Amino acid sequence: MSVEIREVLTKKEMKKWVDFPNKMYKKVDAYVPFMFNDEMDTFTKEKNPAYEFCETKLFLAYRGKQIVGRIAGLINHAANKKWNTNSIRFTRFDFIDDFEVSSALFNKVVEWGKERGFDKITGPIGFTDMDHEGMLIEGFDEFNMSITFYNFPYYIDHMVKLGLEKEVDWVEFQLKVSDTIDEKFARISDYLAKRNGLQLVEYTDRKVLANDAFEAFKVIDVAFSVLHGTVPLTDAVIKKALADYIPIVNLKYICSVKTRDGKIAGFAVMVPSIAKALKKSNGRMLPFGIFRMLKALKGKNDTLEMFFVAVLPEYQSKGIPAMIINHLGKVCRDNGIKICETGPELEVNESVQGLWKGFDVRQHRRRRCWIKDI
């Protein structure tokens, strides 16, 4: 039976599109579903301010009445302008192990890209650097994070057969939290703080965090601006992120570093892992998913996911990373944290990976962004 590709045009179809990987990977222990409602909102123009500079088309692949794959094509005008590229992106590319399915989906996005005058296709990569990116190519048996894609190993063969090549890789690390304080590292951290007039700020009040958070995200925007595929974070995108996360984050694992004049020069966000909670609830918040997630965020949890460690370029040699790592290491020890999972880091980002040299660390996952001329 031949494959039929249908564009997703209704909310009912979008629910099927969002839910497809949850069904395909249901029996895979390493798979962690995304929050269903978050994914729905991400691809709803009225709820995602990134649509100010992006366009999407969503497609489902059917064989008869059965859904056998999905993909999203994404035009990111801000990225093309910033990086002087002429590319269309793809994201949320999932399919059964059938090249007729994967090629039909992929070619549908290529067709749209050609119609719009683009000469390259790249992905999986999304709206902004806060969106999910990178196809898993190593670490298929490792339990996934709540913020990253999972996919089967056969995806790699399909990408190669489709004529795609490596554009960049991201790597991920698992760090074990030491039971003891590195006194030398702590002394160096304190010395650099005093020498450079820097102060580490902890947050115990959400209102105080809310007052600092917009400036902090501007630091993240500047610090990450040189990284592959990033786009400037608009005020609307930042405000949406703050509205989503400030009410639920665990303040213990957030800190900033300020200069003598009160300017934020560095900012870090670590979040108790909600991956197991999402797995148990299949990404749904109702009826019990919200309670599992809140318990993971605010209750006993021995694993953290590292969302951001961002430092303004002019302060990256002033000891701020050491201050942040020293502080968060102490917080982790005090709260029974055993494991920290980094998010995807570009394999060439030696400055970030250098932060983990003093830890018991292993690189356990790798992700790839592919590219092809069209």
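Select Arg92 to begin, a residue placed in strand β4 of what is a predicted model. With a relative accessible area of 1%, Arg92 is buried, and its phi is near 50°, a positive value in a residue other than glycine. That backbone angle deserves a second look, because most residues other than glycine have a negative phi.

Stay on strand β4, which covers residues 87-95, and move to Ser87. Ser87 has a relative accessible area of 8% and therefore counts as buried, the cut-off being under 20%. If neighbours within four places in sequence are left aside, the contacts of Ser87 are Asn80, Phe118, Lys120 and Thr122.

From that list, pick Lys120 and display its side chain together with that of Asp373, since the two meet in a salt bridge with an N to O distance of 2.4 Å. Asp373 belongs to strand β14 (residues 360-373) and Lys120 to strand β5 (residues 120-123), so this pair ties together parts that are 253 residues apart in sequence. The accessibility of the partners can be coloured next: Asp373 is exposed, at 53% relative accessibility, whereas Lys120, with a relative accessible area of 30%, is partly exposed.

A short step brings up the peptide bond between Gly123 and Pro124, which is cis, with omega at about 0°. Pro124 itself sits in the loop between β5 and β6 (135-138). For context, most peptide bonds are trans.

Now turn to the other salt bridges, of which the structure holds 27 in total. Select Lys258 and Asp212, whose closest N and O atoms are 2.9 Å apart in a salt bridge. Because Lys258 lies in strand β9 (residues 254-258) and Asp212 in helix α7 (residues 206-223), the pair ties together parts that are 46 residues apart in sequence. Both Lys258 and Asp212 are buried.

Next, show Lys240 and Asp244, whose side chains meet in a salt bridge at 2.7 Å, N to O. Both residues lie in helix α8 (residues 235-245), where they are 4 residues apart, about one turn of the helix. Lys240 is partly exposed, with a relative accessible area of 27%, and Asp244 is also partly exposed, at 35% relative accessibility. To see salt bridges that share partners, select Glu138, Lys166, Asp169, Glu347, Arg366 and Arg368, which are joined into one network.

For another residue with a positive phi, centre on Asn282, where the angle is near 55° in a residue other than glycine. Asn282 is found in the loop between α9 (275-281) and α10 (289-298), and at 34% relative accessibility it counts as partly exposed.

Then go back towards the start of the chain and select Arg6, whose place is in strand β1 (residues 4-7). Arg6 is partly exposed, with a relative accessible area of 33%, and, not counting residues up to four places away in sequence, Arg6 touches Leu58, Phe59, Leu60, Tyr62 and Gly64. A distance drawn from the C-alpha atom of Arg6 to that of Asp131, 125 residues apart along the chain, should read 24 Å.

The last stop is on the surface, where Lys12, Lys16, Lys23, Lys26 and Lys27 form a positive patch. Among them, Lys23 lies in helix α1 (residues 11-24) and is exposed, with a relative accessible area of 63%.

How values were computed: Residues numbered from 1 in each chain as written. Predicted model: local features only at pLDDT ≥ 70, side-chain atom pairs only at ≥ 80, totals over all residues. Heavy atoms only, no water. Helix = DSSP H or I, 4+ residues; strand = E, 2+ residues; numbered from the N terminus. Buried < 20%, exposed > 50% of the residue type's maximum accessible area, 1.4 Å probe, protein only. Contact = heavy atoms within 4.5 Å. Patch = residues over 30% accessible without salt bridge, like charges linked within 9 Å, V, L, I, M, F, W, Y side chains within 5 Å. Areas by Shrake-Rupley, 256 points an atom, 1.4 Å probe, with all protein chains shown as cover. Salt bridge = Lys/Arg side-chain N within 4 Å of Asp/Glu carboxyl O. Lys, Arg positive; Asp, Glu negative; His and termini not counted. Charge placed at Lys NZ, Arg CZ, Asp CG, Glu CD.
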